[in-house]
Every structure is written in structure tokens, then in C-alpha cells.
Amino acid sequence: MAHSGINVLFEGSNFARLMGGLWTAVWIAAISLIIGLALGTIFGLLRTLKSRIIRLILLLYLEFFRIVPTIVLLFLVYYILPRQFNVNMPATWMAVLAFSLWVAAEFSDIVRGALESVPKHQRESGLALGLDQWQLFRYVLLPQAVRLELPATINLATRVIKTTSLLMTISIMDVINVGQQIVEANNQSHPTGVFWVYGLIFILYFIVDYPLSLWAKRLTAKQHY
């Protein structure tokens, strides 16, 4: 064991650095989800309105974020905004901006689909009670839509967490970037350390993502029960 590659995980502050990198990825994903879900809820509501112009604009917004790869989106935000629009923010908040816009686009479609899945008679009953459009959304449609959209929302969260692996491309010290630095620094003394470092990173992502994935599956099963 004296020369085992696993030793590289516990030399100096390597393990603490990996945990710090994981925390960076998790908090970026969490804040992006909070902002993106709030915006996506608003956009999803707007996409159910009768205005063709609003629906077209939001549809184009959704398609843009579906077509453009996330890594390209990160590059656009990280390199274009500071140079062309003089926006000076830390790279971590640039990433939050990019992920939030992406989450908002994806979640808007989830919200739209959930709202349109609410039985028509529920909407008609609300209108018959004298509810206006806002009250109908707040008291009738949204409470039922939340239950329908929850599994898809959790799956979106797992995708965001996994996609944080791209943060290293804009020099953010996430767990992947830290792991790569540890491997490069110990490649000569611990040539097999790469397997342990990336093996640990795999386990860390699994620990974070798997409970969410399992939760989504159980919710989906309950809905079809």
C-alpha cells in the first residue's frame, strides 16, 4: 500500500480540495436551479397565453438553448459578455448566469406541458366560480401542475449537476478541475493515481445524483399507479 495510487487522495490537502471542488459545483447548480426554475415558471405561464408573439418569442428562446451546446453557451457568456458588454463578474457567477438561462428554457417547457395536462374541466370549473386568469393559475392550475412536473424537474436537476463537469473549461475550480490538477501533479510519483482520483469523482457525482434520480422514478411510478 505504500506505493498504492490511492495514497494520492490523502496526501496534503488533496481530499479537502476535491470536496471543495464538489461544493463549488453543487452550489453553482443549486443557485442556477433556483433562479432558472423561477424564470422558467414565469415563461411557462406566458407560453400558455393566447398571444402568438409571446409564444413565438419564448419558443425561439427554448429552441436556442436546446440547439446550442452547453459548453458553447458557457464560452459565450464567459468570453463575449466581458469583452463586448463590459460585464465584469467572477467566472462562477458567469456560470450561474449561463446555467440559469438554460434551466429557465428547459423548465418553461415542463411548466407549459404540465399546465396543459391539467384536465379541461378543472379550468372550466375555476372560470365558472368567477376566478380571473391570475386566480385560475394560482389556485387551480399551478397546484396541480406542480405535482405533474415534479419528476421532470428532478431529472432536470440531475442533468444540471452532471453538466457542471464543464465548469473546468472556463477555469472554475470544480471537482473535475481539481482532480485533473492532482493527477498532473502526482503523475510521476503515483502513475495509477488517476484511477483513484477519477474513481472518487465518479462516486461523488453518483452520491449526489442517484438519490435524485431514484426519487424521480418513484414519483413517476406513483403518477402511473
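A salt bridge is a side-chain nitrogen of Lys or Arg within 4 Å of a carboxyl oxygen of Asp or Glu. Keep that in mind. We will use it in a minute. One caution before we start: this is a predicted model.

Let's begin with the whole chain. The protein has eight helices and zero strands. Read along the sequence, the pattern is α-α-α-α-α-α-α-α. What box do the C-alpha atoms fill? Roughly 75 × 50 × 25 Å, taken along the principal axes. Now the radius of gyration. The protein has 22 Å, while a compact globule of 225 residues would have a value near 17 Å.

Next, the inside and the outside. Of the 225 residues, 40% count as buried. The protein exposes about 12800 Å². Carbon and sulfur atoms supply 66% of that area. And the contacts? Take those with a separation of 6 or more. Residues 24 or more positions apart account for 77% of them.

Now back to the salt bridges. How many does the structure hold? Six. I'll walk you through three pairs.

Start with Arg-112 and Glu-116. Their side chains meet in a salt bridge, 2.8 Å from N to O. That distance is within 4 Å, so the pair fits the definition I opened with. Where do the two residues sit? Both lie in helix H4, four residues apart, about one turn of the helix. Arg-112 has a relative accessible area of 21%, so Arg-112 is partly exposed. Glu-116 is at 48%, and Glu-116 also counts as partly exposed.

Stay on Arg-112. Its side chain also meets Asp-109 in a salt bridge, at 3.1 Å from N to O. Again, both residues are in helix H4. This time they are three residues apart, about one turn of the helix. Is Asp-109 buried or exposed? Buried, because its relative accessibility is 17% and the cut-off for buried is under 20%.

Asp-109 has another partner, Arg-66. The closest N and O atoms of that salt bridge are 2.8 Å apart. This pair links distant parts of the chain. Arg-66 is in helix H2, residues 52-67, and Asp-109 is in helix H4. They are 43 residues apart. Arg-66 counts as partly exposed, at 41% relative accessibility.

So follow the links. From Arg-66 you step to Asp-109. From Asp-109 you step to Arg-112. From Arg-112 you step to Glu-116. These four belong to a network of salt bridges, which also includes Arg-47, Glu-106 and Arg-159.

On to the aromatic rings. The count comes to ten aromatic pairs. One of them is Phe-99 with Trp-102. Their ring centres are 6.1 Å apart and their planes stand at 50°, so the pair is tilted. Why tilted? Planes under 30 degrees apart count as stacked, over 60 as edge-to-face, and the rest as tilted. Phe-99 and Trp-102 are both in helix H4, residues 91-117. They are three residues apart, about one turn of the helix. Both are buried. Elsewhere, there is an aromatic cluster. Phe-43, Tyr-61, Phe-64 and Phe-65 form it.

Last stop: two threonines. First, Thr-164. You'll find Thr-164 in the loop between H6 and helix H7, residues 175-185. Thr-164 is at 0% relative accessibility, so it counts as buried. Which residues does Thr-164 touch? Leave out residues up to four places away in sequence. Then Thr-164 touches Ala-25, Ala-29, Phe-99, Asp-174 and Tyr-205. You have met Phe-99 already, in the tilted pair. With Tyr-205 there is also a polar contact. It joins the two side chains, at 3.4 Å.

Now Thr-158. Thr-158 is in helix H6, residues 133-163. Thr-158 counts as buried too, at 8% relative accessibility. A polar atom of its side chain lies 2.6 Å from the backbone oxygen of Asn-155. What else is in contact with Thr-158? Setting aside neighbours within four places in sequence, the answer is Asp-209, Leu-212 and Ser-213.

To wrap up, try this on the model. Find Arg-112 in helix H4. Go to Glu-116, four residues away. Then go back to Asp-109, and cross to Arg-66 in helix H2. That's it from me.

Definitions and conventions
Residues numbered from 1 in each chain as written. Predicted model: local features only at pLDDT ≥ 70, side-chain atom pairs only at ≥ 80, totals over all residues. Heavy atoms only, no water. Phe/Tyr/Trp six-rings, centres within 6.5 Å; stacked < 30°, edge-to-face > 60°. Buried < 20%, exposed > 50% of the residue type's maximum accessible area, 1.4 Å probe, protein only. Polar contact = N/O pair within 3.5 Å; in protein donor to acceptor, adjacent residues only side chain to side chain. Contact = heavy atoms within 4.5 Å. Rg over C-alpha atoms; globule rule 2.2 N^0.38 Å. Areas by Shrake-Rupley, 256 points an atom, 1.4 Å probe, with all protein chains shown as cover.
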